[in-house]
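Hi,

Here is the structure I promised to pass on. Have a look at it first, and my notes follow below.

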Amino acid sequence: MARPTPAQYATGTATVVLATLALLLLTGTTGGAGVALTAAAALGLGLGAAGAVPRTRPAAAAGTRREAVRRRAGVAVPGGERGLRG
């Protein structure tokens with residue numbers, strides 16, 4: 001399983017905190033069971049929000065530094081674009 005990105009942590013955390021505060025204020029819950037149920041609902045919302053943040057694609061392998069410099073200069077690199085040795 002891939003690790004969450006910082007954006008996913010931030011989105012999930014903000015959603016949990018804000019949803020918990022909003023639900024507690026709107027419902028006026030003061031009992032322990034009500035607060036626990038509200039916190040569980042907010043945690044579910046936070047997990048959903050964190051899962052909705054798109055993941056970034058990993059960068060392609062650049063090969064060696066020499067190959068990267070040659071590609072940037074427009075010089076042909078043996079093995080095509082992938083930097084494979086042939």
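Going along the sequence, the chain reads α-α-α. That makes three helices and zero strands in its secondary structure. Keep in mind that this is a predicted model. Buried residues account for 16% of the 86 residues in the chain. If you take the contacts between residues at least 6 apart in sequence, 45% of them join residues at least 24 apart.

Let me start with α1, which runs 6–27. This helix has 22 residues, and from its first C-alpha to its last it reaches 31 Å, close to the 32 Å expected at 1.5 Å a residue. Which residues of α1 are buried? They are Gln8, Gly12, Ala19 and Thr20. These four sit on the same side of α1, because they cover an arc of only 105° around the axis. As a reminder, an α-helix has 3.6 residues a turn, so residues three or four places apart point the same way. On the other side of α1 you will find Pro6, Leu18 and Leu25, which are exposed. As for what covers the buried residues of α1, that includes α2.

One residue on that buried side is worth a click: Thr20, in helix α1. Its relative accessibility is 17%, so Thr20 counts as buried, the cut-off being under 20%. Not counting residues up to four places away in sequence, Thr20 touches Thr38, Ala39 and Ala42. Two of those partners, Thr38 and Ala42, are listed among the buried residues of α2.

Now for the turn into the next helix. Just after α1, Gly28 takes a positive phi of about 70°. Thr29 is in the loop between α1 and α2. Is Thr29 buried or partly exposed? Its relative accessibility is 25%, so Thr29 counts as partly exposed. Leaving aside neighbours within four places in sequence, Thr29 is in contact with Leu24, Gly34, Val35 and Thr38. Thr38 therefore turns up in the contact lists of both Thr20 and Thr29, and Thr20 is buried at 17%.

Next comes α2, at 32–52. With 21 residues at 1.5 Å a residue, α2 should span 30 Å, and its end C-alpha atoms are indeed 30 Å apart. The buried residues here are Thr38, Ala42, Gly46, Ala49 and Ala50. Why do they count as one side of α2? Because the arc they cover around the axis is only 110°. The face turned away from that buried side carries the exposed residues Ala33, Leu37, Leu47 and Gly51. And what do the buried residues of α2 pack against? They pack against α1.

Further on, Pro54 is found in the loop between α2 and α3, the latter being 65–73. Pro54 has a relative accessible area of 65%, so it is exposed. The C-alpha atoms of Pro54 and Ala7 are separated by 9.1 Å, although the two residues are 47 apart along the chain.

Last, the pocket. The largest one has a volume of about 170 Å³. Twelve residues line it, and the closest to its centre are Gln8, Gly12, Gly46, Leu47 and Ala50. Both α1 and α2 supply at least two residues of that lining. By type, the lining divides into six nonpolar residues, five polar and one charged. Several names should look familiar: Gln8 and Gly12 are also on the buried list of α1, while Gly46 and Ala50 are on that of α2. Leu47, in contrast, is among the exposed residues of α2.

That is what I have for now.

Cheers

Notes
Residues are numbered from 1 along each chain as its sequence is written. This is a predicted model: local features need pLDDT of at least 70, side-chain atom pairs count only at pLDDT 80 or more; totals for chains, interfaces and linings use all residues. Side-chain values use heavy atoms; hydrogens and water are left out. On a 1 Å grid over the protein atoms alone, a cavity is a set of points where a 1.4 Å probe fits but cannot get out, and a pocket is an open set with protein on both sides within 12 Å along at least five of seven lines; lining residues have an atom within 4 Å of a point. Grid points are joined across faces, edges and corners, and a volume is the space filled by probe spheres set on the points. Ala, Val, Leu, Ile, Met, Phe, Trp, Tyr, Cys and Pro count as nonpolar, Asp, Glu, Lys and Arg as charged, and the others, Gly among them, as polar. The expected span of a helix is 1.5 Å times one less than its number of residues. Buried means under 20% relative accessible area, exposed over 50%, partly exposed in between (1.4 Å probe, protein chains only). The arc is that of the directions from the helix axis to the C-beta atoms. Contact means heavy atoms within 4.5 Å.
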